[in-house]
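Colleague: Could you take a close look at one part of this model and set out what surrounds it? A connected account would suit me.

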Amino acid sequence: MTRRNGAKSIIGALAAVAMLALMSGCGGSSDDKTSSAADDFAKKKPDDIVATAKADMGKLDSVHLSGDLTSSGSSISLDLKVTSDGSCSGSFGVGDGTAEVLGVGGKTWFRPDEAFWRAQSPDQADAIIAAVGDKYVVDSNGDFSQFCDMSTLLDQLLNDPTSDATYTVNGTQDLAGDTVVKVDRASETDGPSTGYVLADSPHYLVKIEKTGTDGGTVNFTEFNADVTVEAPADDQVIDLSNLGG
């Protein structure tokens, strides 16, 4: 059976938003931050803020990503916990459809609802829904595997493919009780975006925003939190590649 590559369009949309904002700045969470620390960090050059953020994000063991995006007129939602050892747990939404995702030990499974199948494989949706039921599907095409490999995901998010971007530090503000440095990114190629950087170390990304037609918001939380993911039982898994068609 075949299906549209909906997962990879989600990856592309997320990466497009996150790459823009990560190159504008990053953030994280900490306690007892002082205004002087925030002021000192805000005085750094944008390139130095980006370099610090890249280094700190690269040391993460786990992170929780959530947000809402728009890609080619389609609404996309993301709620995913991912670890450096290849585990992940969460969900993706495309339009009215949602897919639950699990990843353990380099293997990935997803469990879409009917709306997801009808959007991604409209011609074969009835047959797929009948065959799959409420079981997890083996991610044989690797559509979701990039989200379960944190190093690969962060590499995608931290690399900026454009060369016309300029960055401006835009002061500090309180964000959910944390003092963050706001950094704006301007680009004729990609449009404007904003990254929020925690004033205190480590400087993890806490929020990214991009305006425009293909924009949205992605939040980064629960840095280095314990994430336990169990693989689905064998009798709850189906491999569509074995069904032919």
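Modeller: What follows covers one strand residue, the core beside it and the disulfide. This is a predicted model, in which local features need pLDDT of at least 70 and side-chain atom pairs count only at pLDDT 80 or more, while totals for chains, interfaces and linings use all residues. Residues are numbered from 1 along each chain as its sequence is written, and side-chain values use heavy atoms, with hydrogens and water left out.

His64 sits in strand β1, residues 62-71 (strands are DSSP runs of E, at least two residues, and helices runs of H or I, at least four, numbered from the N terminus). With a relative accessible area of 11%, His64 is buried (under 20% relative accessible area; exposed is over 50%, partly exposed in between; 1.4 Å probe, protein chains only). Its side chain makes a polar contact with that of Asp79 at 2.6 Å (a pair of N or O atoms within 3.5 Å; within protein, one must be able to donate a hydrogen and the other to accept it, and residues adjacent in sequence count only if both atoms are side-chain atoms). Beyond neighbours within four places in sequence, His64 is in contact with residues including Leu80, Asn219 and Phe220 (heavy atoms within 4.5 Å).

A disulfide joins Cys88 to Cys148, S to S 1.7 Å (cysteine sulfur atoms within 2.5 Å). Cys88 lies in strand β3 and Cys148 in the loop between β6 and α6, so the pair ties together parts 60 residues apart in sequence. Cys88 is buried at 0% relative accessibility, and Cys148 is buried at 4%.
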